[in-house]
Amino acid sequence: MSAAEVGARFAKLGGVFVTPPETIAERLARVRALVFDWDGVFNAGAKGEGAASTFTEADSMGTNLLRYALWQAHGEQLPYCAVITGVDNPSARSFVRREHFHALLYNVKDKGAALADVCARQGLEPREVACVFDDVNDLAMAAACGVRVLVRRDASPLLLDYAVRRGLADYVTGLPPDRGAVREAAELMLGLAGAFERVVASRVAFDADYRRYFEARQAQRAELLDRAPR
């Protein structure tokens, strides 16, 4: 499926391409890292005393397939993968540990600085990072990344306009966070990278390539990094 055909499929879903699909596909070729906000991305961001936020298995599978595609694309090297969030959240901790992400950065007040620190530590250029985000405190991070997916929230039309005018998003999801926005973002990137059919067939077969990736993924232990100002 061509980038234009993938784009048409996601536009039908309600997604908005700020950057043409073909250009996003070109940028994805150099992506070696993934960063996600947590609240408003994996869940709707609802809070309450004693209440923890959630995630879905569909979103989890999306991140796994996307990491597998990047592992294949870059010489069987695991892509750096992190959640960067403004608060300490038990569900985020559980997710990054279960999914064997590289890190959870929490209590982050300046996400642009946090991304710069990640890039310096991992030997990455910001343009090699794809991010999925949803709100004002993510914009400095999004400004630096090579591929930026903004999760839809219909209550924030001015924020959407701001991000679009200033070139801070490449794609706006058709679905909100509580209806699978992370899965949408992952499948979009898989489709534009031309990897969807291949990685799904490999995962279904649980073939030798997927087993090597899965063993490498399972060996990765997540760092929990408190970025609260001292």
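Which residues does arginine 97 touch, not counting residues up to four places away in sequence? Here are some notes to help you find your way around this predicted model.

1. Let's start with that opening question. Arginine 97 lies in helix 4, and it touches Ala222 and Leu224 once residues up to four places away in sequence are set aside. For a sense of scale, try looking from arginine 97 across to serine 156: the two are 59 residues apart in sequence, and their C-alpha atoms are 32 Å apart in space.

2. Stay with helix 4 for a moment and look at its buried residues, which are Ser91, Ala92, Phe95 and Val96. These residues cover an arc of only 125 degrees around the axis, so they sit on the same side of helix 4. A general point helps here: an α-helix has 3.6 residues a turn, so residues three or four places apart point the same way. The buried residues of helix 4 pack against helix 3, strand 3 (80-84), strand 4 and strand 8 (223-226).

3. Both ends of helix 4 deserve a look. At its start, a side-chain oxygen of asparagine 89 comes to within 2.8 Å of the backbone nitrogen of serine 91. After the helix comes histidine 100, which has a positive phi, near 60 degrees.

4. Next, please find glutamate 99, in the loop that runs between helix 4 (90-98) and strand 4 (103-106). Is this residue buried or exposed? Glutamate 99 is buried, because its relative accessible area is 5%, and the cut-off for buried is under 20%. Its side chain makes a polar contact with the side chain of arginine 217, at 3.1 Å. Leaving aside neighbours within four places in sequence, glutamate 99 is in contact with Ser60, Thr63, Arg67 and Arg217.

5. Now for a pair of helices. The axes of helix 3 (residues 57-73) and helix 9 (residues 196-205) come within 10 Å and cross at roughly 105 degrees. The two helices are therefore roughly perpendicular to each other. On the helix 3 side, the residues that meet helix 9 are Met61, Leu65, Tyr68, Ala69 and Gln72. Helix 9 brings Arg198, Val199, Val200, Ser202 and Arg203 to the contact. By type, the residues of this contact divide into six nonpolar, two polar and two charged.

6. Helix 2 (residues 21-28) has its own set of buried residues: Pro21, Ile24, Ala25 and Leu28. Seen down the axis of helix 2, they fall within an arc of 105 degrees, so they line one face of the helix. What covers them includes helix 1 (3-13), strand 1 (16-17), strand 6 (147-150) and helix 8 (181-192).

7. Finally, two more backbone details in loops. Most residues other than glycine have a negative phi. Glutamate 76 has a positive phi, near 60 degrees, and is not a glycine. It is placed in the loop between helix 3 and strand 3. Asparagine 107 is not a glycine either, and its phi is positive at about 55 degrees; look for it in the loop between strand 4 and helix 5 (111-122). How do these two residues stand in terms of exposure? Glutamate 76 counts as partly exposed because its relative accessibility is 38%, whereas asparagine 107, at 19%, counts as buried.

Notes:
Residues numbered from 1 in each chain as written. Predicted model: local features only at pLDDT ≥ 70, side-chain atom pairs only at ≥ 80, totals over all residues. Heavy atoms only, no water. Helix = DSSP H or I, 4+ residues; strand = E, 2+ residues; numbered from the N terminus. Buried < 20%, exposed > 50% of the residue type's maximum accessible area, 1.4 Å probe, protein only. Polar contact = N/O pair within 3.5 Å; in protein donor to acceptor, adjacent residues only side chain to side chain. Contact = heavy atoms within 4.5 Å. Axes fitted to C-alpha atoms, helices over the stretch in contact; angles between N-to-C directions. Parallel < 35°, antiparallel > 145°, perpendicular 65-115°, else oblique. Nonpolar A, V, L, I, M, F, W, Y, C, P; charged D, E, K, R; others polar. Arc of directions from axis to C-beta.
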